[in-house]
Amino acid sequence: MPPILNEVKAAYLNKTGQYVQKKEGTMLRAADIFTSGMMLQREKPIRIRGTAERGEQICVTIQGKHKKTITDDQGNWNIELDALQVSGQETLTIQGADEVLVFEDVAVGDIYIAAGQSNMEFWMRYEPHFKEALKECDNSLIRFYDVPKVAYVGQEDDFDYSRMGIWRKATEEDLEFFSAVGYYFARELENELSVPIGIIGCNWGGTRSSAWMTKEHAEIVEPEQVEAFQKALGEQSYEAFCKKAGKNPANDSGKSSWDAFTEFILPGTPSQEEIDAFYGIEAEEKVSEEQEEAQPQAAPGCLFQNMVLRIAPFSVRGVLWYQGESDDEEAGAAFRYKEALGTIMGDWRRAFLDEKLPFFIVQLPGFRSWLGVENRNYSIIRQKQQEAADADEHAYLCSISDAGEEFDIHPKNKKIVGIRLALLALKYLYDKDVEADPPRLRNAGRTGREIYLTFENAGAGLTVTGEKIDALHILADGREIAYTWEISGEVIRIEIEEEFKESAIDIRFAKEAWYKVNLYNDACLPAIPFEVICEEVILRM
């Protein structure tokens with residue numbers, strides 16, 4: 001077993017939290033995600049990598065396990081340790097020829113990647129339950145690591161990223177930095193399982209699916225998004241664009257402090273007048289101008305290359321995925337979202353060396369417009385999210401169809417999202433006997449003026465909060481018709497007020513731009529959208 005560095009005087013703590021034995025000219029390094037205070041995945045092989053001198057022997061030790069390797073011609077080294085057991089505190093030692101890295105306070109538990117765009121990035125600082133959560137948040141078994149938001153090689157040299165790429169614990173001091181969805185998810189799991197839970201935030205607001213897959217796949221799967229980026233680039237080369245981007249403060253994604261716009265827009269839902277006053281000009285005009293410029297994070301494959309591969313193949317338990325709003329921007333892209341999401345899941349599974357890596361997919365809620373952003377085809381994206389989850393054995397759909405906000409693309413209540421994602425994980429990854437799946441239409445039938453809608457995942461029975469079933473519309477001959485309804489267990493019996501013997505009945509649920517579902521199962525999970533054409537005793541979907 002290699003010696004562990006015991007003399008603290010012979011070491012210094014560098015910015016990544018590594019205790020390193022001092023010696024001039026030495027270069028033993030571990031990948032950035034390996035620091036003191038980190039978390040490692042339990043019960044899976046642990047992949048650790050870094051750099052050192054060419055041909056140098058490296059030995060890694062933790063929990064009495066150790067393995068050796070030799071660096072390659074470029075000085076890279078990779079070691080795969082056997083699976084570790086749950087622990088609240090360990091020491092990881094990396095021994096080189098003349099150096100030792102010592103990582104202290106290492107927890108071993110279950111780690112999830114909180115991935116997507118701004119609704120996953122949405123910090124606890126701005127979540128409405130934040131002050132309440134602060135009172136009881138102190139828990140060293142819940143930890144968070146934020147992957148630096150880097151879209152091109154060299155961006156970290158252009159801006160200050162010292163505030164990112166840090167392992168934090170759930171404390172009053174650091175809770176505000178957590179992904180809100182990720183924190184509430186982690187808190188539920190840690191309470192239920194009594195094991196450490198880590199969240200890796202790998203997300204970026206306003207990003208499209210094409211950025212989160214390989215560039216080669218983006219060009220095939222999302223051609224509209226690729227073409228849009230090329231158009232925004234104009235005649236300049238991508239290399240010239242990146243060099244220019246480093247001189248634009250708008251591309252400072254390290255964010256050494258909370259910026260004024262974020263402080264203004266995320267805590268609440270400002271009115272259009274307040275937004276215009278903040279900008280000093282018409283807000284939609286400013287947004288339109290910004291959208292015409294090429295943005296580094298819109299480059300096909302850039303976030304997969306510079307963020308996902310920065311941490312992969314770090315061992316994790318699963319991925320929480322909340323993205324899709326920006327796939328509504330380019331005409332035609334929404335219809336490709338099933339293939340896009342399937343491609344992302346495949347690319348990530350290959351990167352993390354886990355062909356069964358679970359994805360928990362948040363289905364977009366109702367929304368109309370916000371800051372120049374219009375809901376064009378969210379209905380299509382929701383359908384494609386459902387289809388992608390249905391087509392993948394290791395993907396699961398989370399419904400938040402009761403939690404959207406009509407004029408804010410950022411629903412503020414992230415607690416409900418995290419809890420529902422945790423229910424899915426508890427059921428499918430931990431074999432807990434919980435109701436986790438949202439109600440969904442199983443079949444429909446019609447006899448005369450009576451229509452029967454039967455749901456799966458109804459639990460002990462469906463319920464409605466209110467006097468009517470919101471977002472449920474019955475149409476015939478091109479117009480909406482009145483109906484009465486009653487619920488019995490998993491069945492909704494509808495009686496339409498007119499006779500339509502020759503006409504098919506179109507039943508739509510939560511298909512418009514803005515809606516708020518109030519149809520639940522007994523676990524308070526809201527039903528997912530559907531549309532069905534129903535003739536007498538015949539079902540066509």
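Where in the chain does Gln63 lie? Gln63 lies in the loop between β6 (57–62) and β7 (65–70), as the second of the views below shows. The model is predicted, so local features are given only at pLDDT of at least 70 and side-chain atom pairs only at pLDDT 80 or more, whereas totals for chains, interfaces and linings use all residues. Residues are numbered from 1 along each chain as its sequence is written, and side-chain values use heavy atoms, with hydrogens and water left out.

**View 1. The protein chain as a whole.** The protein chain holds 14 helices and 29 strands, these being DSSP runs numbered from the N terminus (H or I over at least four residues for helices, E over at least two for strands). Its C-alpha trace spans about 90 × 55 × 45 Å along the principal axes. The radius of gyration is 25 Å, in agreement with the value near 24 Å for a compact globule of 541 residues; this radius is taken over C-alpha atoms, and the globule rule is 2.2 Å times the number of residues to the power 0.38. Of the 541 residues, 57% are buried, where buried means under 20% relative accessible area, exposed over 50% and partly exposed in between (1.4 Å probe, protein chains only). Among contacts (heavy atoms within 4.5 Å) between residues at least 6 apart in sequence, 72% join residues at least 24 apart.

**View 2. The loop that holds Gln63.** Although Gln63 is not a glycine, its phi is positive, at about 50 degrees. With a relative accessible area of 25%, Gln63 is partly exposed.

**View 3. Helix α11 and the cis peptide bond that follows.** Helix α11 (residues 302–311) is mostly covered, with eight of its 10 residues buried, namely Cys302, Leu303, Phe304, Asn306, Met307, Val308, Arg310 and Ile311. These buried residues pack against the strands β5 (46–51), β10 (100–116) and β13 (197–203), and also against the helices α3 (155–158) and α12 (337–351). Pro313 is placed in the loop between α11 and β14 (318–322), and the peptide bond that leads to Pro313 from Ala312 is cis, with omega near 5 degrees.

**View 4. Cysteines without a disulfide.** A search of the whole structure finds zero disulfides, a disulfide being a pair of cysteine sulfur atoms within 2.5 Å. Cys524 is accordingly in no disulfide, and the nearest cysteine sulfur, that of Cys398, is 14 Å away. The position of Cys524 is in the loop between β27 (519–520) and β28 (530–535), and Cys524 has a positive phi of about 60 degrees although it is not a glycine. Another cysteine, Cys137, is buried, with a relative accessible area of 2%.

**View 5. The surroundings of Leu429.** Leu429 is found in the loop between α14 (415–428) and β19 (440–447), and it is buried, with a relative accessible area of 16%. When its neighbours within four places in sequence are left aside, Leu429 is in contact with Tyr112, Arg317, Pro358, Phe360 and Leu424. Glu219 lies 210 residues from Leu429 along the chain, and the C-alpha atoms of these two residues are separated by 34 Å.
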